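Here's a quick walk through the model, for anyone who'd like to find their way around before heading back to the bench. Have a look at the structure first, then read on.

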Amino acid sequence: MMRSCTLLLVVLSLWAGVARAQSPESKTDNTPAPKKQLGAVRISGGIKLDGVLDEAAWQQAEAATDFIQNRPNPGPHERHKTEVRVLYDDASLYVGAVMHDVNPDSILRELTPRDNFGNSDFIGIFLDTYHDKLNGYGFFVTTGGVQMDARYSPASGEDFNWNAVWDSRTSLHGTDWVAEIRIPYSAIRFGNQPEQLWGLQFMRRRKRDNQDFFWNEVRPAVDGFVNQWGLLTGVRDVQPPLRLSLTPYVSGYVNHDPELADPSRRTTTSFNGGADVKWGINESFTLDATLVPDFGQVQSDNQVLNLSPFEVQFAENRQFFTEGTELFNKGGLFYSRRVGAQPIGYGSASSYLRKRYRDAEGRVHEGEFVARNPGVTQLLNATKISGRTNKGLGVGLFNALSNDVYATLQDSATGAKRDVLTQPFSNYSIAVLDQSLKNNSYVSLINTNVTRWGRTYDANVTGGLFRFANKKNSYAVDGRMVYSRRRGNDFGTEEKIDDQNGYKYQVGVSKISGNFTWGLNQGIESDHYNPNDLGILFGNNNISQGIFGNYNHYKPFWKVNNFYSYFGLDQSLLYKPMLYQRTNLYGGANTTFTKSFLTAGFNFDANPVNRDYFEPRTATLGEYWVRVPANANLGAFISTDYRKKLAWDVNAGIRLYTADRRGYGEAGQRLNRTGRAGYGLGISPRYRVNNQLNFRYNFNWNLSDNQIGYVNGGMDSDEPLDQPYLDQVILGRRKVITVTNVASMAYTFSNRMSFTFRARHYTSNVRYRDFARLKPGGEEELVDYQRNRNNTFNAFNIDAVYSWWFAPGSQVSVVWKNAGYSSFNANQATPLYFDNLSNTINTPHNNSVSVKILYYLDYLALRKKRS
């Protein structure tokens, strides 16, 4: 707490320093810089990609020089010259770059896996091939030859999940380093015009001084990034190629599940095969399809104990659903984990069991148990069609099919088995239209649809979005309107679903450029709004409004490089019935110190008494709510210089609540809920042994003391101690301690071969102190509830991955996955961390070893070899 207060005083002094530093000369320019132009030179003889610019054509091309610093001090011209030239032929764009420096030791060159910058210098090339100033491509290569690529769009920002097939080579020559890059036209999309006019940008990072430079100046006070690029001219008479590639794969798995009842089936093997297809329908649009996909090698989910009324949102790790999805992510209506997700009837499989009973003659008939209940839905295929016309119209179509999923029930006595349907054959689809407009503006239309075969329900969501900015790109209005429609019965029942029609809207106005920016917004989510079949929603039935602001100082002053701050006030009401819900005042700031490059910041929020209408888990919102007393939070973090071999990230926070008189005790006295608080601490050291080997450790500890919440697991009609409370809302006062440890290691053999290892242990312990009956109006009444609801959840998993990119777009990967989960209830639950660690390690673990080979076949390359 003392450190947080000290940091707060430092930040307040920075605020004062910023105010003093704001002379008219020091204010950051919020008008875009003039656009530079670079001409490309056509070649016919080809380029040998070797990191040596010894072909005569390189000297004939115009050089892009005089880069402008963007970080840490925007504005100064580079002292160590950069020279970048662009060539092209009928098949590819070539970029040759020479980065001058003072000596070889100044050129940092850590090796990392693909798409990881690491502690290294790099050169980046950006292309806006439709020149709409909104959407673009980025290609990066480090001094060690590690490649990264990204897409840029209003929906996804900078998206490194996108991967293209391109090639590069780098080399060191004395005090310079050189990059030679070939970007085939099949990796990008552009219109079919006699002469191309593309947005162009180059970026250089000198990691030794933590400096970033851009060829066309990027001013941080100007809203947008792609709109601040320069121009590439001279590209004439190039035709968008036939973009057709096939990436077939074969994979093999060995799985060992020690918890299967039949010992002969605990170890299984499987072999799979399929392919990814990419086809350029025309110069603007591309079809991507995955046939019989295999996602068994993706990183394991971070399983957690969920005590909230809302689902846990997991990260998407499947490449098909992460790359090239910027159009489908517009409006936030697509949560890709729904495709191939847990079957909708997964949790109801046990309701079909025939229970043990005694017939009229006294004979006992054994019941059934669930022998198999798949937790994921098998995809048959998935297809994307996306692109953008030369008029700026983006079009996206997505479709996926999943097969029927069955749970297997087995008779305890006879062993007879039968299957019950938990997920019918289903179709998932998305359609998007996105029109780019002048001044960084756009209008969009999105539709998502889920159609299921059989007697269940279908879902459809349609949304419209817009953003209009003025000519100076200094002010903007934005908004969205979404309609959700569901028809049919709840799965496995004859009951009609009750949220057939719903809507959401949001509108805002904001100042978007300059040192000081601000905005206002207001929105409604109706009580029946539900996009969850292909999206994700954390509570509807809400009216919200807010005001926010940012004050940023981008140039160095005092002892720091910059200063960023934010602040705002939010309020929300329940939509139906219209009742007060919550108010939140928040803010924060961060800065980076000039000499040490230590970044530090803080955040705070303060809340008066709020009402939580969702925690009681009642079907109708409004009558019951959990009273959340007035509280305030203060958090802080520091992050040391990543250029050092040993670097640290540390964060801490504390939330304190006022004493709250919320109900009545057994003797009729007012309940005095004191001592409620929350504490958090995170420590993450990282150590770089050399340019190939590094280690990282993450430790997170969280304590919620005297937390009031719905009794996890709810009431059970088969539990005698629960029966008096079946129709009541029971809350518990509990202490929750959660500890997470993650250790990871990466060894990079070369810029195309790496090995990574990640081990995670998570434990969360819940200890109840007393219980209360929630009454209408937020009042609570202590009850003599006797069932022990303490519980502990443990999760442990290992992901070890060897990856070798043996050719562009072609990869061999070997993956070992080890996972174990345990949950202990009542007297078995233990708050001791090392007991939980021991329990987790001794719990039977599922082990999987897999090998996957995929090979990239490009039609143009194959045709060239044959000719």
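## Two domains and where they meet

Keep in mind that this is a predicted model. The chain splits into domain 1, covering 33-241, and domain 2, covering 311-537. Taken over C-alpha atoms, their centres sit 38 Å apart.

So how do the two touch? On one side, 21 residues of domain 1 are in contact, and they meet 23 residues of domain 2. Together the domains bury about 1700 Å² between them, with carbon and sulfur atoms giving 44% of that area. If you want to know which residues to click on, try Tyr130, Leu134 and Asp223: they supply 29% of the area that domain 1 buries against domain 2, more than any other three residues.

## Charges and polar pairs across the interface

How many salt bridges are there between domain 1 and domain 2? The count is three. In one salt bridge, the side chain of aspartate 223 meets that of arginine 467, at 2.9 Å from N to O. That's the Asp223 already listed among the three residues that supply 29% of domain 1's buried area.

Eight residue pairs are in polar contact across the interface of domain 1 and domain 2. As for the make-up of the surface, the side of domain 1 that touches domain 2 has seven nonpolar residues, eight polar ones and six charged ones.

## A five-stranded sheet

Strands of a sheet pair through backbone hydrogen bonds, in either a parallel or an antiparallel way. Here, five strands make an open sheet with mixed pairing, running in the order β2-β4-β5-β11-β10. At its edges are β2 (41-42) and β10 (167-173), each of which pairs on one side only.

Look inside that sheet and you'll find β5 (residues 92-100) and β11 (residues 176-184) paired antiparallel over nine bridges. As a landmark, alanine 97 stands opposite alanine 179 in β11.

## Strand pairs further along the chain

Strand β31 (residues 542-553) is a handy one to follow. With β30 (residues 516-525), β31 pairs antiparallel over ten bridges, and with β32 (residues 563-574) β31 pairs antiparallel over twelve. You can trace this through asparagine 550: asparagine 550 is the bridge partner of threonine 517, and asparagine 550 also has tyrosine 566 in β32 as a bridge partner.

There's a similar story for β37 (residues 631-639). Strand β34 (residues 599-607) pairs with β37 in the antiparallel sense over nine bridges, and phenylalanine 602 has alanine 636 of β37 as its bridge partner. Strand β37 also pairs antiparallel with β38 (residues 646-657), over nine bridges, and phenylalanine 637 faces asparagine 651 in β38. What do β37 and β38 form? They make a hairpin, with six residues between them.

## Backbone oddities

Two cis peptide bonds are worth finding. One joins arginine 71 and proline 72, with omega at about 5 degrees; proline 72 is in the loop between β3 (68-71) and β4 (82-88). Another joins lysine 576 and proline 577, with omega at about -5 degrees, and proline 577 is in the loop between β32 and β33 (579-592).

Valine 292 deserves a look too: its phi is near 50 degrees, a positive value in a residue other than glycine. You'll find valine 292 in the loop between β17 (285-291) and β18 (357-358).

Notes:
Residues are numbered from 1 along each chain as its sequence is written. This is a predicted model: local features need pLDDT of at least 70, side-chain atom pairs count only at pLDDT 80 or more; totals for chains, interfaces and linings use all residues. Side-chain values use heavy atoms; hydrogens and water are left out. Two strands pair if DSSP finds at least two bridges between them. Helices (H or I, at least four residues) and strands (E, at least two) are DSSP runs, numbered from the N terminus. Domain bounds come from an automatic or database domain assignment. Contact means heavy atoms within 4.5 Å. Buried area is the accessible area (1.4 Å probe) that two parts lose on being put together, summed over both. A salt bridge is a side-chain nitrogen of Lys or Arg within 4 Å of a carboxyl oxygen of Asp or Glu. A polar contact is a pair of N or O atoms within 3.5 Å; within protein, one must be able to donate a hydrogen and the other to accept it, and residues adjacent in sequence count only if both atoms are side-chain atoms. Ala, Val, Leu, Ile, Met, Phe, Trp, Tyr, Cys and Pro count as nonpolar, Asp, Glu, Lys and Arg as charged, and the others, Gly among them, as polar.
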